Amino acid sequence: MSVLEIVLRAAAALAALLLLPLLVGQTEHKVMAHMQGRLGPMYAGAYHGWAQLVADGVKFVQKEDIVPAAADKRVFKLAPGVALVPYLLALAAIPIHPGFAIAEVPAGVIYVMAATSIGVLGTLMAGWASANKYALIGAMRSAAQLLSYELPMVLAVASVALAAGTLSLGGIVEAWTPIWLLWQLPGALVFLAAAVAELQRPPFDMPIADSEIVFGPYTEYTGLRFALFLLSEYAGIVVMSLLFATFYLGGWRGPLDDTLGWLWTLLKGFAIAIVMIWLRVSWPRLREDQLQRFAWLGLIPLALLQLALTAVGVVYLQ
Amino acid sequence: MSERKGVVPGLVKGLATTARTLTRHTHTAEYPDVRPELPPRSRGVIALLAENCTSCMLCARECPDWCIYIDAHKETVPAATPGGRERQRNVLDRFAIDYSLCMYCGICVEVCPFDALFWSPQFEYSELDIRDLLHEKERLGAWVETVPPPPALDPAAAEPAEVASQRGPVRPVRARSGA
């Protein structure tokens with residue numbers, strides 16, 4: 001692969017990271033608004049407020065750059081980058097089109113799980129470096145939550161890899177059959193719940209809930225750094241939706257997939273993103289202890305059950 | 001653990017409610033690009049038809065907030081016929097309503113015997129300086145063109161007393177007997 005091709009692929013990944021979250025963010029504004037009987041942004045951009053997030057971006061860029069006096073400056077400044085870049089790395093590995101991913105990684109499943117876990121560090125760094133007790137409490141809650149939900153997610157994904165017989169993401173998509181919609185259904189639900197918790201989206205947003213703890217680890221952030229944290233949340237939604245589509249919905253598989261594979265991937269990912277938005281609008285927030293109980297006493301047994309089910313199925317189908 | 005059984009149906013019902021609201025038409029009216037639909041007899045501002053006003057001062061007296069300021073003087077009008085009596089007329093010098101005090105109760109409009117005050121639904125007269133909320137006679141006269149025609153009477157309402165009293169009593173009057 002020539003240097004030019006590498007640069008082009010990297011640029012494509014960066015463009016996707018910067019544009020797809022904005023699309024999801026605008027969809028969230030509009031879908032959440034209509035679900036609540038409102039209209040959402042209508043003013044920015046003249047046609048139903050399509051440019052609202054562009055306007056927000058400009059607003060954040062022109063804000064004053066404040067670093068608290070007592071903060072650990074280098075860690076404080078690095079935290080948004082540490083939260084955002086892992087999602088760029090994970091996005092690059094997802095197979096979008098038959099035989100094409102921006103970065104071909106042989107053990108894609110392990111790589112993607114590891115990459116998304118690094119994002120946790122960004123939140124911890126933000127909370128610790130902020131020199132603010134609410135930020136610290138938020139960061140500790142965040143750490144507990146994200147650690148607890150790593151395990152069900154990894155177990156669910158292990159079940160998918162077992163069913164496909166490969167750790168490569170492209171291989172999983174090729175091995176997918178429609179029976180997986182039933183066979184892997186418990187694992188799919190576990191993955192969805194764990195993904196929403198990893199992203200700290202409602203109903204699992206206790207660490208950043210503004211009525212509880214100001215804004216948790218991100219309390220002291222303003223301007224572009226704050227915008228990068230928000231972008232990392234929506235980038236995470238994009239990555240997790242695409243991963244769900246890849247693992248459980250067949251990725252680029254569909255009619256005419258040799259030409260339209262990329263379209264199927266995006267549509268399936270978009271549908272899952274809308275489901276995540278729907279969950280946010282419909283359900284109240286879980287308390288920290290309810291959240292932990294749900295992970296350890298609800299999701300992990302279900303994920304283990306799924307693993308057993310998959311193992312039985314794999315042996316039976318041999 | 002009987003509360004646990006209720007968790008999943010509640011979650012599903014929550015999802016169903018938001019999905020249903022998503023499909024319903026949104027009733028948001030985007031003011032100021034869209035004019036609001038105000039009900040009839042909406043109270044926005046009080047208009048003065050100065051030619052009807054006789055400076056009887058009833059509105060200024062009855063206003064609970066004392067926000068109406070009236071100045072008037074008497075003028076003599078020469079006799080209409082030779083040898084007749086000279087008449088006196090009130091001439092209105094100043095009629096002002098202070099909208100920073102007005103509480104939009106409508107007592108002044110109700111009590112005016114000469115139909116000089118009217119309600120108008122116009123509400124967009126907010127000012128940057130509170131002293132500009134004192135509307136003088138000229139400005140109050142300008143509001144008259146925004147006064148809508150009176151709304152139709154409710155067909156199910158009782159007859160107004162002015163009509164009912166003309167019609168005569170319901171039962172025929174009995175002639176009184178006895179001395």
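Helices (H or I, at least four residues) and strands (E, at least two) are DSSP runs, numbered from the N terminus. On that basis, C102(B) is found in the loop between β3 and α3 (107-111) of chain B. The views below show a predicted model.

**View 1. Cysteines C63(B), C102(B), C105(B) and C108(B), listed by UniProt as "binding site" in an unreviewed entry.** Although these four cysteines are spread over 46 residues of sequence, they cluster in space, with a largest C-alpha distance of 10.5 Å. C102(B) counts as buried because it has 20 C-beta neighbours inside 10 Å. Apart from residues up to four places away in sequence, C102(B) touches D65(B), C67(B) and I97(B). C105(B) is also placed in the loop between β3 and α3 of chain B. C105(B) has 13 C-beta neighbours inside 10 Å and so counts as partly exposed.

**View 2. Cysteines C53(B), C56(B), C59(B) and C112(B), where UniProt places the feature "binding site" in an unreviewed entry.** The sequence positions spread over 60 residues, yet the four cluster in space: the largest C-alpha distance is 10.5 Å. C53(B) has its place in the loop between β1 and α2 (58-62) of chain B. With 20 other C-beta atoms within 10 Å, C53(B) is buried. Its contacts, leaving aside neighbours within four places in sequence, are L48(B), L92(B), F95(B), F114(B) and A116(B). C59(B) is found in helix α2 of chain B, and C59(B) is buried, with 24 other C-beta atoms within 10 Å. Leaving aside neighbours within four places in sequence, C59(B) is in contact with C112(B), another position of this feature. Its further contacts under that restriction are I68(B), C108(B), V111(B) and L117(B). Of these, C108(B) is listed under the feature of View 1.

**View 3. Strand β1 (residues 45-48) of chain B and its pairing with strand β4 (residues 117-120).** β1(B) and β4(B) pair in the antiparallel sense over four bridges. Within this pair, V45(B) stands opposite S120(B). V45(B) and A47(B) point one way from β1(B), whereas I46(B) and L48(B) point the other way. All four of these residues are buried. L48(B) is also one of the contacts of C53(B).

**View 4. The open sheet of three strands in chain B, in the order β2-β3-β5.** Pairing in this sheet is antiparallel. The edge strands, each pairing on one side only, are β2 (68-77) and β5 (134-135). β2(B) and β3(B) are joined by 10 bridges, and I68(B) stands opposite I97(B) in β3(B). I68(B) is among the contacts of C59(B), and I97(B) is among those of C102(B). β2(B) is hardly covered: one of its 10 residues is buried. Strand β3 (residues 87-98) pairs with β5(B) over two bridges. In that pairing, D98(B) stands opposite L134(B).

**View 5. Packing of helix α3 (residues 73-93) against helix α10 (residues 223-248) in chain A.** The two helices pack at an angle of about 25°, with their axes 9 Å apart. Angles under 35 degrees count as roughly parallel, and α3(A) and α10(A) are therefore roughly parallel to each other. α3(A) passes α10(A) in a left-handed crossing. On the α3(A) side, the residues that meet α10(A) are P80(A), A83(A), L84(A), Y87(A), A90(A) and L91(A). Their counterparts in α10(A) are R225(A), L228(A), F229(A), L231(A), S232(A), A235(A), G236(A) and V239(A). V85(A) is also found in α3(A). V85(A) has 18 C-beta neighbours inside 10 Å and so counts as partly exposed. V85(A) and G122(A) are 37 residues apart in sequence, and their C-alpha atoms are 9.7 Å apart in space.

**View 6. Segments of chain A that an unreviewed UniProt entry annotates as "transmembrane region".** The annotation covers residues 6-25, 82-103, 109-131, 151-173, 179-197, 226-249, 261-282 and 294-317. Over residues 151-173 the chain is 83% helix and 0% strand, and the end C-alpha atoms are 23 Å apart. Residues 226-249 are 96% helix and 0% strand, with end C-alpha atoms 33 Å apart. L19(A) has its place in helix α1 (residues 3-35). L19(A) counts as exposed because it has 11 C-beta neighbours inside 10 Å. The C-alpha atoms of L19(A) and I277(A) are 18 Å apart in space, with these positions 258 residues apart in sequence numbering.

Key: Residues are numbered from 1 along each chain as its sequence is written. Chains are lettered from A and ligands numbered from 1 in the order in which they are written. This is a predicted model: local features need pLDDT of at least 70, side-chain atom pairs count only at pLDDT 80 or more; totals for chains, interfaces and linings use all residues. UniProt positions are given in the numbering used here, feature names are shortened, and annotations may be inferred rather than shown by experiment. A residue is buried if 20 or more other C-beta atoms lie within 10 Å of its own, exposed if 12 or fewer, and partly exposed in between; C-beta atoms are placed from the backbone. Two strands pair if DSSP finds at least two bridges between them. Axes are lines fitted to C-alpha atoms, for helices over the stretch in contact, and angles run from 0 to 180 degrees between N-to-C directions. Angles under 35 degrees count as roughly parallel, over 145 as roughly antiparallel, 65 to 115 as roughly perpendicular and the rest as oblique. A crossing is left-handed if the near helix is turned anticlockwise from the far one by less than a right angle, and right-handed if clockwise. Two residues are in contact if their C-beta atoms, placed from the backbone, lie within 7 Å.
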